[in-house]
Amino acid sequence: MSVVKQGEVVDNALAARSAPLPVRLGRHFRRYGALWLMTLPALVFVGLFAYVPMYGLRLAFYDFDPVEGLMGGRFAGLRYFEQFFRSGMFVNIMVNTLRISLWTLVMGFIAPIVLALLINQISSSKIKGFVQTVTYMPHFISTVVIVSMINIFLSPSTGMIGRLFPGTDLLGEPGLFTPIYWISEVWQHMGWNCIIYLAALSSVDLSLYEAAKIDGAGRLQLIRYVDIPAIMPTVGIMLIMNMGSVLNVGFETVLLMQNPMNLSVSEVIATYTYRMGILGNQFSYTTAIGLFNTVVNFFFLVLANFISKKASDTSIF
């Protein structure tokens, strides 16, 4: 009897697959219509603000004509890409962008993991909640306020930190710009970014902790043998996603922290694009720079996903 039922199930499945496309779509939406309705606002938002503007990438290959708009202009080919690669600013901008972004990526990736592991070891739920609240509150402070705080603290005359180095403008020192930037970024976003790791740690079976404690494991052993293996899949996914924005240095923070004394080490792709495109009206040139930046980020994303898939069987596609 079971063999007959299994045969009927197989026949029904084959019949469903061979049905016309409108019939299959109707069945699909009757079954998953509520889920599609729930995701519709997100799909519309992404389509409207992420995919529709991609038509503007046409400017990277055409001379922009304000009269004719995006549809007009003469075909320029790869001229604007060559102009950027041959410009005297190319090497300096790429070095600055990579230095700032890699420091921020590495330190901003490690710090939330360490913070999540430490918070997870707090036994008191009240203290744990208080620490979480205090650490992720800076995430909601605006960039303008953050940079104002940096200027106040580093002021050589009245700053809490700047007064320790009399006669020295710390924010004007080229060698200190990158550390100041990534330290402020890590401090501001570390608590918020650790939330996803705390969520992963909350799913760990408590019996694993009990078994490890019976075997004599201390706090460091619990972190090493229980917590870290539990969050490794999440770490892999987050690393892949962060690699997709390796050249996207925070535009607002860098622009507000810039001054004539540190401009040689603080000029990055985002600020250079702003100066040449918005202030200099070179729209085709800056569109080509933005497209180059996106292609490089996409390459790093695919490379990180490939390596992660081969090394740990963790990937996003």
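This is a guided tour of a predicted model, moving from helix to helix with a suggestion at each stop of what to select.

**First stop: α4 and α10**

Begin by selecting helix α4, residues 90-120, together with helix α10, residues 219-243, whose axes come within 11 Å and cross at roughly 150 degrees. Angles over 145 degrees count as roughly antiparallel, and α4 and α10 are therefore roughly antiparallel to each other. If you turn the view so that one helix lies in front of the other, the crossing to look for is a right-handed one. Now show the side chains where the two helices meet: on the α4 side these are L105, F109, I113, L117 and N120, and on the α10 side they are I223, D227, I228, I231, V235, M238, L239, N242 and M243. Sorted by class, the residues of this contact are eleven nonpolar, two polar and one charged.

**Second stop: α9 against α10**

Keep α10 on the screen and add helix α9, residues 206-214, whose axis comes within 11 Å of the α10 axis and crosses it at roughly 145 degrees. This crossing, too, is right-handed. Here L208, Y209, A212 and K213 of α9 meet L222, V226 and D227 of α10, and the contact is made up of five nonpolar residues, no polar ones and two charged ones.

**Third stop: the largest nonpolar core**

Which residues touch the most other members of the largest nonpolar core? Select F84 and F292, which hold that place among the 23 residues of the core. To see where the core draws its members from, colour α3 (79-86), α4, α10, α13 (269-279) and α14 (283-312), each of which supplies at least two residues, while α14 gives the most, with eight. Then centre the view on F292 and, setting aside its neighbours within four places in sequence, look for its contacts with F81, F84, F85, F90 and M94.

**Fourth stop: α13 and the loop after it**

Select I269, T271, Y272 and G277, which are the buried residues of α13, and then show what surrounds them, since the cover includes α3, α4, α11 (251-257), α12 (263-266) and α14. Follow the chain onward into the loop between α13 and α14, where you will find N281. Is N281 buried or exposed? Its relative accessible area is 54%, and N281 is therefore exposed, as residues over 50% are counted. The backbone of N281 also deserves a look, as its phi is positive, about 60 degrees, although N281 is not a glycine.

**Fifth stop: α6, α7 and Y181**

Finally, select helix α6, residues 143-153, and α7, which pack at an angle of about 130 degrees with their axes 12 Å apart, an arrangement that makes α6 oblique to α7. The crossing is right-handed, and in it I146, M149 and I150 of α6 meet I180, S184, W187 and Q188 of α7. By class, this contact holds five nonpolar and two polar residues, with no charged ones.

Stay with helix α7, residues 174-193, and pick out Y181, which counts as buried at 2% relative accessibility. Beyond residues up to four places away in sequence, Y181 touches I100, T104, V249, G250, T253, V254 and M257. As a last step, draw a distance between the C-alpha atoms of Y181 and I150, which are 31 residues apart along the chain and separated by 9.5 Å.

Key. Residues numbered from 1 in each chain as written. Predicted model: local features only at pLDDT ≥ 70, side-chain atom pairs only at ≥ 80, totals over all residues. Heavy atoms only, no water. Axes fitted to C-alpha atoms, helices over the stretch in contact; angles between N-to-C directions. Helix = DSSP H or I, 4+ residues; strand = E, 2+ residues; numbered from the N terminus. Parallel < 35°, antiparallel > 145°, perpendicular 65-115°, else oblique. Left-handed = near helix turned anticlockwise from the far one by under 90°. Contact = heavy atoms within 4.5 Å. Nonpolar A, V, L, I, M, F, W, Y, C, P; charged D, E, K, R; others polar. Core = buried A, V, L, I, M, F, W, Y, C linked by side-chain atoms within 4.5 Å. Buried < 20%, exposed > 50% of the residue type's maximum accessible area, 1.4 Å probe, protein only.
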